[in-house]
Amino acid sequence: MAVVIRLRQEGAKGHHVFRIVAADKRFPRDGRFLDILGTYDPAQSKNNANVNLDKVNEWISKGAQPSDTVRSLIKKAQAAAK
C-alpha cells in the first residue's frame, strides 16, 4: 500500500478549507483517508496551516510521500516551531 500525505478539500463553495491527510494513493482526493495530520486555510494571511509534526514524521518514517504543496507546508511549520 503506497501512502501519500496530501490535501483533502472541504468547506463551502467559494471558501475551501483543506485537511492534511495520510491516504492510500488509490483513494480519491476527497475520499477515504488513514489519518488527519492538520489543516490548511488559504483564506487566512498568517498562521494558515496547523500541522501535527509528530504525526507527519511518524508517517514519513513509515514510507509516506508528501505532495509538493504539503511538503512546503511542513517546512513552514518546522520553521515556525523553531
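**Group meeting: a sheet, its loops and a pocket**

Strands E2 and E3 run antiparallel and are joined by 5 bridges, with E3 covering residues 35-40. Before I go on, please keep in mind that this is a predicted model. One pair to look at in the structure above is valine 21, which has isoleucine 36 in E3 opposite it.

Let me move outward from E3. Its pairing with E4 is antiparallel too, over 3 bridges. Here glycine 38 has valine 51 in E4 as its bridge partner.

Now the other side of E2. Strand E1, residues 3-12, pairs with E2 in the antiparallel sense, and that pairing has 10 bridges. Leucine 7 is set opposite isoleucine 20 in E2. E1 and E2 make a hairpin with 2 residues between the strands, and glycine 14 in that hairpin has a positive phi near 90°.

Next to E1 comes E5. In what sense do E1 and E5 pair, parallel or antiparallel? They pair in the parallel sense, over 2 bridges. Isoleucine 5 faces proline 66 in E5 across this pairing.

Put together, that is an open sheet of 5 strands with mixed pairing, and the order is E4-E3-E2-E1-E5. E4 and E5, the latter at 65-66, are the edge strands; each has a single partner strand, so one side of each has no neighbour in the sheet.

So much for the sheet. I will go through some single residues, and I start with aspartate 24.

Aspartate 24 belongs to strand E2, which spans residues 15-24. Is aspartate 24 buried or exposed? Its relative accessibility is 2%, so aspartate 24 counts as buried. Its side chain has a polar contact of 2.8 Å with the side chain of arginine 26. Beyond the neighbours within four places in sequence, aspartate 24 is in contact with Met1, Ala2, Arg6 and Leu34.

Next, phenylalanine 27, in the loop between E2 and E3. Its relative accessible area is 15%, and under the 20% cut-off phenylalanine 27 is therefore buried. Setting aside residues within four places in sequence, phenylalanine 27 is in contact with Arg6, Arg32, Phe33 and Leu34. Arg6 and Leu34 were also on the contact list of aspartate 24. For a sense of distance, phenylalanine 27 and lysine 55 are 28 residues apart in sequence, and their C-alpha atoms are 20 Å apart in space.

The loop between E3 and E4 gives us two residues to discuss. One is aspartate 41. With a relative accessible area of 14%, aspartate 41 is buried. Which residues does aspartate 41 touch, not counting those up to four places away in sequence? They are His15, His16, Val17 and Asn48. The C-alpha atom of aspartate 41 is also 6.3 Å from that of phenylalanine 18, with their positions 23 residues apart along the chain.

The other is asparagine 47, also in the loop between E3 and E4. Asparagine 47 counts as exposed, at 70% relative accessibility. Its phi is near 55°, which is a positive value in a residue other than glycine. As background, most residues other than glycine have a negative phi.

Asparagine 47 brings me to the last topic, the largest pocket, since it is one of the lining residues. The space in this pocket is about 190 Å³. Which residues line it? The lining is made up of Asn47, Asn48, Ala49, Asn50, Val51, Leu53, Leu73, Lys76, Ala77 and Ala80. Two elements give two or more residues to this lining: strand E4, at 49-51, and helix H2, at 68-81. H2 gives the most, with 4 residues. By class, the lining has 6 nonpolar, 3 polar and 1 charged residues.

Some of these names have come up already. Val51 is the bridge partner of glycine 38, and Asn48 is among the residues that aspartate 41 touches. E4 itself, as I said, is an edge strand with a single partner strand.

To recap the residues, aspartate 24, phenylalanine 27 and aspartate 41 are buried, whereas asparagine 47 is exposed. The sheet runs in the order E4-E3-E2-E1-E5, and the largest pocket takes lining residues from E4 and H2. That is what I have for today.

Technical notes
Residues are numbered from 1 along each chain as its sequence is written. This is a predicted model: local features need pLDDT of at least 70, side-chain atom pairs count only at pLDDT 80 or more; totals for chains, interfaces and linings use all residues. Side-chain values use heavy atoms; hydrogens and water are left out. On a 1 Å grid over the protein atoms alone, a cavity is a set of points where a 1.4 Å probe fits but cannot get out, and a pocket is an open set with protein on both sides within 12 Å along at least five of seven lines; lining residues have an atom within 4 Å of a point. Grid points are joined across faces, edges and corners, and a volume is the space filled by probe spheres set on the points. Ala, Val, Leu, Ile, Met, Phe, Trp, Tyr, Cys and Pro count as nonpolar, Asp, Glu, Lys and Arg as charged, and the others, Gly among them, as polar. Buried means under 20% relative accessible area, exposed over 50%, partly exposed in between (1.4 Å probe, protein chains only). A polar contact is a pair of N or O atoms within 3.5 Å; within protein, one must be able to donate a hydrogen and the other to accept it, and residues adjacent in sequence count only if both atoms are side-chain atoms. Contact means heavy atoms within 4.5 Å. Two strands pair if DSSP finds at least two bridges between them.
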